[in-house]
Amino acid sequence: GDEGVQFIKVTSLTQFGVDWIGVISIPWQSVMKELNDTKFRTLLLGMLIVGGIKAFLETFRAYVQTKMIKKAVIPGMRQTLEDELLNQLQALTGRRSSRISLALPFGSDMQEDSAAHREL
């Protein structure tokens, strides 16, 4: 008959003094049907897993970056600005000020408990 492409396996077996030949035939369509049915589901599942991992890593990166800016970059910039203001005041007045403190805008989570003040 016209059954299309077949996977065929031929085996020989000798048992009880008799030589046997076994033939197994599986139609190509029945093998490929299961593979075709699952390949897109497997591909979609893999893409979802990769997308989830990427989203997690991007969220983690943004969190760490925000924390680093708040804990290291902003205080460092603030200290540099205070030092530069002290240097400028010394250049203008001819004497060294003991301390300048910059307060952040109202509502900032890094606001100090005191208002902006300068000690000259």
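Read from one end of the sequence to the other, the protein follows the pattern β-β-α-β-β. That gives one helix and four strands in all. Please keep in mind that this is a predicted model.

**Overall surface**

Of the 120 residues, 6% count as buried. The protein exposes about 10400 Å², and carbon and sulfur atoms supply 64% of that area. Among contacts between residues at least 6 apart in sequence, 17% join residues at least 24 apart.

**The hairpin and F7**

Let us start with the strands at the beginning of the pattern. Strand β1 covers residues 6-15, and strand β2 covers residues 18-27. The two run antiparallel and are joined by ten bridges. Two residues sit between the strands of this hairpin, where F16 takes a positive phi near 60 degrees.

F7 is a good residue to follow here, as its place is in β1. Its bridge partner in β2 is I26. Leaving aside neighbours within four places in sequence, F7 is in contact with I24, S25, I26, W28 and V31. F7 and W28 are 21 residues apart in sequence, yet their C-alpha atoms are 6.3 Å apart in space. Is F7 buried, partly exposed or exposed? F7 counts as partly exposed because its relative accessibility is 38%, which falls between the 20% and 50% cut-offs.

**Helix α1 and its salt bridges**

Helix α1 takes in residues 28-93. The model has three salt bridges, listed here with the distance between their closest N and O atoms.

| Salt bridge | Closest N and O atoms |
|---|---|
| D37 and K33 | 3.2 Å |
| E58 and R61 | 3.3 Å |
| E82 and R78 | 3.6 Å |

D37 and K33 both lie in helix α1, four residues apart, about one turn of the helix. E58 and R61 are separated by about one helical turn because they are three residues apart in helix α1. E82 and R78 are four residues apart in helix α1, so about one helical turn separates them too.

How do these side chains differ in cover? D37 is partly exposed at 46% relative accessible area, while K33 is exposed at 54%. E58 is partly exposed at 39%, and R61 is partly exposed at 42%. E82 and R78, by contrast, are both buried.

**A nonpolar patch**

Finally, L45, I49, I53, F56, L57, F60 and Y63 form a nonpolar patch on the surface, with about 760 Å² of accessible area together. One of them, F60, lies in helix α1 and is partly exposed, with a relative accessible area of 47%.

Notes: Residues numbered from 1 in each chain as written. Predicted model: local features only at pLDDT ≥ 70, side-chain atom pairs only at ≥ 80, totals over all residues. Heavy atoms only, no water. Buried < 20%, exposed > 50% of the residue type's maximum accessible area, 1.4 Å probe, protein only. Contact = heavy atoms within 4.5 Å. Patch = residues over 30% accessible without salt bridge, like charges linked within 9 Å, V, L, I, M, F, W, Y side chains within 5 Å. Areas by Shrake-Rupley, 256 points an atom, 1.4 Å probe, with all protein chains shown as cover. Salt bridge = Lys/Arg side-chain N within 4 Å of Asp/Glu carboxyl O. Pairing = 2+ DSSP bridges.
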